[in-house]
Amino acid sequence: MCRVWVHLVSIVLLWWWIAIAEAEYIKYKDPKQPLKVRITDLMSRMTLEEKIGQMVQIDRIVATPEIMKNYSIGSVLSGGGSTPLPEASAADWVNMVNMFQKGSLSARLGIPMIYGIDAVHGHNNVYNATIFPHNIGLGATGDPELVRRIGAATALEVRATGIPYIFAPCIAVCRDPRWGRCYESYSEDHKIVEEMTDIILGLQGEVPAGSRKAVPYVGGKNKVAACAKHFVGDGGTTKGINENNTVIDMHGLLSIHMPAYADSIFKGVSTIMVSYSSWNGIKMHANLYLVTRFLKETLKFKGFVISDWEGIDRITSPPHSNYSYSVQAGIQAGIDMVMVPFNYIEFIDDLTYMVKHKIIPMERIDDAVGRILLVKFTMGLFENPLADLSLVNELGKQEHRDLAREAVRKSLVLLKNGKNANDPLLPLPKKTSKILVAGTHADNLGYQCGGWTINWQGFNGNNYTSGTTILGAITSTVDPSTKVVYRENPDGDFVKSNNFAFAIVVVGEYPYAESIGDSVSLTMVDPGTNVISNVCKAVKCVVVIISGRPVVIEPYMSLIDALVAAWLPGTEGQGLTDVLFGDYGFSGKLSRTWFKMSTSAGVGGRPHLFTIMAMVFISLYLDLSSRLILSF
């Protein structure tokens, strides 16, 4: 009898353990399960509140582990200049990201959050990161393979800080250089922009052979989820005014501004950000036809659509004046994740009310959450939610700086070389008696990096990150016997009295970002033109322009012996001296029209409006296909 009892107890215990095991088996946590099964299982367990929480992105300034847990927040971001500490190390970033992630993992379902950041020309928010040339310079290289390598290096540096998601690339087609974001665009020519979407393959990884195309793909812990932006037509606004109205018919929109999005989707881009701008008077953040009908249904985009910073607030004018309407319009248009970034409780309360009162259907919420989870599962966040310190040495790595240096020299465009065909100034000799280096931008790392560097609007000086200024590059390049004299703004008498062999003048624009950079005049900052006049009247000179777009230079062309467009080269100034002193030749080509005067600036790829001068004598390096509209 005792043996029977023991046998019965054993059977009961076995059944109990089997029941416990079955209860503990959760499909969405099993990486062996198909992606669709995992998403369906997880969503079946989620409450409305948990689903809406996944649709929220907040800035790190308002995030805490408790908030991440209690509101099931789907994402955190660092806005421009938002860092854990001044001069924070990679380890500081990793620790901060993990702190928020642990809050998310402690919630009922343990859904990991995704941390995002603007890494638009390298990991530009982070101290000591490699800063690559801005997109306008990369477009001038005409080298998609180079851009792909830059994407891979950027992904490593971003992952070094524990961050798996970036708001890049910008694939705007800038049709008017008066736009303050024109330097974020590779070109006014959509074909060049399409080619440069290869950066996505560097950021996210190559989609494996035999795998489905046109679905989000992130190839492991050394890669990041990318974000193509800003959908769509942001580079075509009237008069280049930021966040303005793009007036164009459907054919024009599809042929100029849309092709790069189709390419990005085919290459597996994970997310797409909506533009602040309007299309024919309809705000893109409220454009159901383009966001849902075209992007999601026609182009078959499977990742998630994210708003821009306070993007739904700006559906109304003034912004946030009717927030409940903005929430309704934005979500119904097809936005899946909202970059709130501060008033998350208001957003959650408004959206929850609208769903419970059937103003917004539950199907729209499920579509959004399913897309967000698809990206998170694809990235491997459920298996590896926490970052470690294994990649911290990738930040600012010399190999990446060498790559940035290569990008600088390939981006340089030679606009003039010599006042006649028989008297070229470039390349410059490394060994000579004495040379002058002048100009506001010669010894200013912040100016040569431009906006979106360390801070949203960039910085002034040499103390906010590490790199090599143009002056430093010149000093290290010339022969030790060559005396280098630097004066930011020398007067003519000083130049005449010093018997310089030649001068290098470096001038251009101050750093700027977004609307702050909108310009009607398109002139370089003072005293740039005075420096050109004072120096170039007295000695042979090469003028290097540091700018995010073409600027007015026509009135000074007769004074200048050689002219180089260097765009916004980033931290590696040696790339410029590599070419100025002849170690490499010029290879960059203009990716956008250089106008005669600011009144002709909005040509947007239509150089037939002006006469392109015969330029045989200008340069042996300058291809006549370059978009140069200057007279000499």
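This note covers the cysteines and the cavities of a predicted model.

1. Start with the disulfides. A disulfide is a covalent bond between the sulfur atoms of two cysteines. The model has 2 disulfides. With the bonded cysteines numbered in sequence order, they pair 1-2, 3-4.

2. Look at C174 and C182. Their sulfur atoms sit 2.1 Å apart, and they form a disulfide. The torsion about this S-S bond is about -110 degrees, so the disulfide is left-handed. C174 counts as buried because its relative accessibility is 0%. C182 is buried too, at 1% relative accessibility.

3. Now turn to C536 and C541. A disulfide joins them, with an S to S distance of 2.0 Å. The torsion here is about 110 degrees, so this disulfide is right-handed. Both C536 and C541 are buried.

4. Why does C170 form no bond with C174? The C174 sulfur is the closest cysteine sulfur to that of C170, but it lies 9.2 Å away, which is too far for a bond. C170 is buried, with a relative accessible area of 4%.

5. C449 is also without a bond, because the closest cysteine sulfur, in C170, is 18 Å from its own. C449 is buried, and its relative accessible area is 0%.

6. Next, the cavities. There are 4 cavities of 30 Å³ or more. The largest has a volume of about 110 Å³. Its lining holds 17 residues, and A119, V120, H121, N135 and I199 lie nearest its centre. Helices α6 (135-141), α7 (144-160) and α9 (199-204) each give two or more residues to that lining.

7. What classes of residue line the largest cavity? The lining has 13 nonpolar and 4 polar residues, and no charged ones.

Methods. Residues are numbered from 1 along each chain as its sequence is written. This is a predicted model: local features need pLDDT of at least 70, side-chain atom pairs count only at pLDDT 80 or more; totals for chains, interfaces and linings use all residues. Side-chain values use heavy atoms; hydrogens and water are left out. On a 1 Å grid over the protein atoms alone, a cavity is a set of points where a 1.4 Å probe fits but cannot get out, and a pocket is an open set with protein on both sides within 12 Å along at least five of seven lines; lining residues have an atom within 4 Å of a point. Grid points are joined across faces, edges and corners, and a volume is the space filled by probe spheres set on the points. Helices (H or I, at least four residues) and strands (E, at least two) are DSSP runs, numbered from the N terminus. Ala, Val, Leu, Ile, Met, Phe, Trp, Tyr, Cys and Pro count as nonpolar, Asp, Glu, Lys and Arg as charged, and the others, Gly among them, as polar. A disulfide is a pair of cysteine sulfur atoms within 2.5 Å. Buried means under 20% relative accessible area, exposed over 50%, partly exposed in between (1.4 Å probe, protein chains only).
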